[in-house]
Amino acid sequence: MTSSSNLQYFRFPRTPRLSIWLLALVWIVTSGLSVTERNPPIHLRGEVGGNVTFHCPVANNEKITLFYFQNHTTFINGYHISKTITRSKWENTRLDRSETSVHMYGLNVSHSGEYQCIIQYSGKTNIEETSIYLSVTANYSKPTITKSHDRGSCYVTCTSHGGYPSTKVTWNVSVPGNVSSQVWKIVNSSNVPSPSTMLFNSSSTAYFNCSNGELTHLSCSVGDVTSDMFSVCSSSKPDGPGWVIVVAASSAVAVFILVALLLFLKHRKKQKGVAPGEPRAERNVNGEELIILYENKGGTEAS
Ligand SMILES: *[C@@H]1O[C@H](CO)[C@@H](O)[C@H](O)[C@H]1NC(C)=O
Ligand SMILES: *[C@@H]1O[C@H](CO)[C@@H](O)[C@H](O)[C@H]1NC(C)=O
Ligand SMILES: *[C@@H]1O[C@H](CO)[C@@H](O)[C@H](O)[C@H]1NC(C)=O
Ligand SMILES: *[C@@H]1O[C@H](CO)[C@@H](O)[C@H](O)[C@H]1NC(C)=O
Ligand SMILES: *[C@@H]1O[C@H](CO)[C@@H](O)[C@H](O)[C@H]1NC(C)=O
């Protein structure tokens, strides 16, 4: 029977007069004159922080007397052709009457679920109901890798945050199946929801056995986001920031020495140029000019 659920659509009387009107309507509804026609469900996707539009299917060229958008028995938005709806609506929704669509803004994961479009046309007693399923997702961040080497073994932790729904870390390691358990294994995995946003942080730690040499082209994924490639147990060059710092520091020292040397040479050249009686200049001028030059120089130096 559909009559019991029909009751729910009209369950928001506030004033006694409205109650009487609704009671009459409920009586009409429940007395078998009205049936609910259910349309096939619609699926809709949204992202946390984004917006979606619910397009409620509507018969063309027919006048609508009632359009309610609900979340089961909770009224969300809508209108009645001849009545003002006093029921509070969801603040993050806007109604587009001309298109019988509802815009929903600022989605979060708690907006996931089933919604109903309830429509009644003028001159009809039956009610049309369409379910729309909304799934709200959030993209996980690109996983980051942290490694810790420890004498012949390596622990790698892969972490990604802020996703929905809960998704486990998967490791992309290509090692023949029969030796796999000796080469590497997953130590632990966790999916922790944030209490305020309900978004998940996903993390996993894996152990790698370094007695089998270096492993390259490894990565981890959470859903369809994958980390950068990494390698473990490399023997040729040490991992981590250690050698990067050494290289950077020695480069800095080399540059410093070079600059200091250049400055020193430049300074010396300058001093030489200022010194009076440079031999090469003397040879290019005649004796008289040279004497005047010397007198002037001497004068300025004495004053
Ligand atoms: C959602 O709608 C609001 C208001 O119209 C707009 O400012 C915002 O940019 C929209 N967000 C997205 C992700 O489209
Ligand atoms: C590490 O690998 C070596 C060589 O394959 C194997 O003998 C050893 O048992 C492995 N160690 C662990 C803890 O799996
Ligand atoms: C997983 O194991 C690693 C290495 O033993 C440890 O550092 C880390 O805290 C563990 N994480 C969880 C969530 O248990
Ligand atoms: C999830 O990760 C973010 C970023 O690293 C952090 O700020 C937040 O506290 C984490 N939440 C939980 C529940 O661990
Ligand atoms: C989702 O948004 C609604 C308002 O649109 C708010 O009342 C609710 O607390 C939010 N829930 C979460 C889990 O953020």
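How far does a polar side-chain atom of asparagine 108 lie from an oxygen atom of ligand 5? That's the warm-up; keep in mind that you're working on a predicted model.

**Exercise 1. Work out the surroundings of ligand 5.**

Start with the opening question: the distance for asparagine 108 is 2.3 Å, from a polar side-chain atom to an oxygen atom of the ligand.

Next, look at asparagine 92. An N or O atom in its side chain sits 3.5 Å from an oxygen atom of ligand 5. The cut-off for a polar contact is a pair of N or O atoms within 3.5 Å.

Then turn to serine 110, where the ligand's partner atom is a nitrogen: the gap to an N or O atom of the serine side chain is 3.2 Å. On its own, ligand 5 would expose 360 Å², and the protein buries 48% of that area.

Finally, list the whole shell. Asn92, Asn108, Ser110, His111, Ser196 and Met198 surround the ligand. Sort them by character and you get five polar residues, one nonpolar and no charged ones.

**Exercise 2. Decide whether strand β3 is enclosed or open, and find its partners.**

First, check burial. β3 covers residues 64-71, and seven of its eight residues are buried, so the strand is largely enclosed by the rest of the structure. Buried here means under 20% relative accessible area.

Second, pick one neighbour. Strand β7, residues 113-121, runs antiparallel to β3, and six bridges join the two. Want a spot to click on? Phenylalanine 69 has cysteine 117 in β7 as its bridge partner.

Third, pick up strand β4, residues 74-80. It also pairs with β3 in the antiparallel sense, over six bridges. Here, tyrosine 68 stands opposite glycine 78 of β4.

Fourth, look at the connection. β3 and β4 make a hairpin with two residues between them, and histidine 72 in that turn has a positive phi of about 60°.

One thing to remember as you trace along: in a regular strand, side chains alternate between the two faces of the sheet.

**Exercise 3. Sum up the protein as a whole.**

Begin with the secondary structure: count six helices and 16 strands.

Move on to burial. Of the 303 residues, 32% are buried.

Now ask how the chain folds back on itself. Among contacts with a separation of 6 or more, 58% are between residues 24 or more positions apart.

Last, take the surface. About 19300 Å² is exposed, with carbon and sulfur atoms supplying 58% of it.

Methods:
Residues are numbered from 1 along each chain as its sequence is written. Chains are lettered from A and ligands numbered from 1 in the order in which they are written. This is a predicted model: local features need pLDDT of at least 70, side-chain atom pairs count only at pLDDT 80 or more; totals for chains, interfaces and linings use all residues. Side-chain values use heavy atoms; hydrogens and water are left out. Helices (H or I, at least four residues) and strands (E, at least two) are DSSP runs, numbered from the N terminus. Buried means under 20% relative accessible area, exposed over 50%, partly exposed in between (1.4 Å probe, protein chains only). Contact means heavy atoms within 4.5 Å. Accessible areas come from the Shrake-Rupley method with a 1.4 Å probe; for residues, only the protein chains shown count as cover. A residue is near a molecule or strand if one of its heavy atoms lies within 4 Å of it. A polar contact is a pair of N or O atoms within 3.5 Å; within protein, one must be able to donate a hydrogen and the other to accept it, and residues adjacent in sequence count only if both atoms are side-chain atoms. Ala, Val, Leu, Ile, Met, Phe, Trp, Tyr, Cys and Pro count as nonpolar, Asp, Glu, Lys and Arg as charged, and the others, Gly among them, as polar. Two strands pair if DSSP finds at least two bridges between them.
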